[in-house]
Amino acid sequence: MRLNHRQAGRYTGIAVGGAARPRHETGRSSWIRGVWLSVIGLTVAGGALGYAENLPMPSAVPGGVDIIDLGSNTPDPPTVLSGSIPVLVRQMASRWVAIIGIPLSATPGPARVQVQEGAANRLVEYTIATKVYRSQALTVSPKHVDLSARDVARYERERVELQNAWLTYSTTPPNSLRLVAPVGGKQSDSFGARRTFNGEARQPHTGMDITAHIGDPVYSAADGHVLLTGNYFFNGNTVIVDHGQGFLTLYCHLLDMSVRPGDAVKSSQMLGHVGLSGRSTGPHLHFAVMLNQTWVDPALFLNQAKISPSTRTHQ
Ligand SMILES: [Zn+2]
């Protein structure tokens, strides 16, 4: 089942009642961290599978992910909202936790989500720490910086189309929030980089660039359904995979695409091949991860991520 959250009444416009009061979940960070570390220890020591195998690495910074213990073990999942945007929830050691994507634009300091369980609403607070991302100066074809009127019109059309795709919220929970590398090659630390193109400031980089060769196969990072395929001015040939509950992955600058919207895909199933379509300075994969309509750092989700300085860059 797939909902556009703007049309899904139960996820929007929920007011927090006057009786609700902020509740700071002291100790929940250490609880999450303790489970994480103990599972890592188990995994390393005995190869055992555990809860954290299915969760991203928590990092409560702009562009990161926080994992909040909601302190409830109700049979039905609570509804969690960040503003009006539904947040992914998951059971962990029989308790419900929220997996929150934190926008790159977030201001460090206290933040909160609304939690609805039955008729009861409450607020749960968390704290966003500071993170300084690096700067990056890029040189690209002038046509990808100084857009013609025709290209501006195309970009505006595509922006709306992609924006609508980001609003998708399919209710099926993802099998896992851990991802496999979508392509072989060096995973860069380019996520969050503050960028200039030909000397002009642009939005920070919202994905991870992975250096690869033209024609290298690109794989789905997890099970899901193909939400959208298309050719876009900046992103080039693009595939978006919906993993459920607002958890999406994006694959850009492809040479070609071997899937169509609606296709069910398995983790490591081929989606297409590496190319340099769109705004790209060399062959690579732009790989991006979205939670609750927020781009978050793919490195937090990738198994055994090896981060290296970006050598090939683009939008
Ligand atoms: Zn990129």
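A residue is called buried here if 20 or more other C-beta atoms lie within 10 Å of its own, exposed if 12 or fewer do, and partly exposed in between, with C-beta atoms placed from the backbone. Helices (H or I, at least four residues) and strands (E, at least two) are DSSP runs, numbered from the N terminus. The model is a predicted one: local features need pLDDT of at least 70, side-chain atom pairs count only at pLDDT 80 or more, and totals for chains, interfaces and linings use all residues. Residue numbers start from 1 along each chain, as its sequence is written.

First, the overall picture. The protein chain holds 2 helices and 24 strands, and 41% of its 315 residues are buried. Contacts are pairs of residues whose C-beta atoms, placed from the backbone, lie within 7 Å. Of the contacts in the protein chain between residues at least 6 apart in sequence, 71% join residues at least 24 apart.

Helix H2 covers residues 149-166, and the number of its 18 residues that are buried is 0, so H2 lies largely in the open. Its length also works out. The expected span of a helix is 1.5 Å times one less than its number of residues; for H2 that gives 26 Å, and the end C-alpha atoms are 26 Å apart, which agrees.

Now to the sheets. Two strands count as paired if DSSP finds at least two bridges between them. One open sheet has 3 strands in the order E3-E7-E6, with antiparallel pairing. Its edge strands are E3 (65-69) and E6 (88-92), each of which pairs on one side only. From one strand to the next, the twist averages 30 degrees, with axes taken as lines fitted to C-alpha atoms (for helices, over the stretch in contact) and angles running from 0 to 180 degrees between N-to-C directions. E6 and E7 (residues 95-101) run antiparallel and are joined by 5 bridges; Leu88 has Ile99 in E7 as its bridge partner. In the loop between E6 and E7 sits Ser94, which has a positive phi of about 65 degrees despite not being a glycine. Ser94 counts as exposed because it has 6 C-beta neighbours inside 10 Å.

Another open sheet, also of 3 strands, follows the order E10-E13-E14, and here the pairing is mixed. The edges are E10 (135-138) and E14, each pairing on one side only. E13 and E14 pair in the antiparallel sense over 2 bridges, and Thr196 has Ala201 in E14 as its bridge partner. The loop between E13 (194-197) and E14 (200-201) contains Asn198, again a non-glycine residue with a positive phi, of about 50 degrees. Asn198 is partly exposed, with 14 other C-beta atoms within 10 Å.

Further along the chain, E17 (residues 224-232) pairs in the antiparallel sense with E18 (residues 236-244) over 7 bridges. E17 and E18 form a hairpin with 3 residues between them, and Leu228 is bridged to Ile240 in E18. E17 also pairs in the antiparallel sense with E20 (residues 264-265), over 2 bridges, where Gly224 has Val265 as its partner.

Finally, E15 (residues 208-211) runs antiparallel to E22 (residues 284-291), and 4 bridges join them. Ile210 stands opposite Leu285 in E22. In a regular strand the side chains alternate between the two faces of the sheet. In E15, Met208 and Ile210 point one way, Asp209 and Thr211 point the other way, and all are buried.

How values were computed: Contact = placed C-beta atoms within 7 Å.
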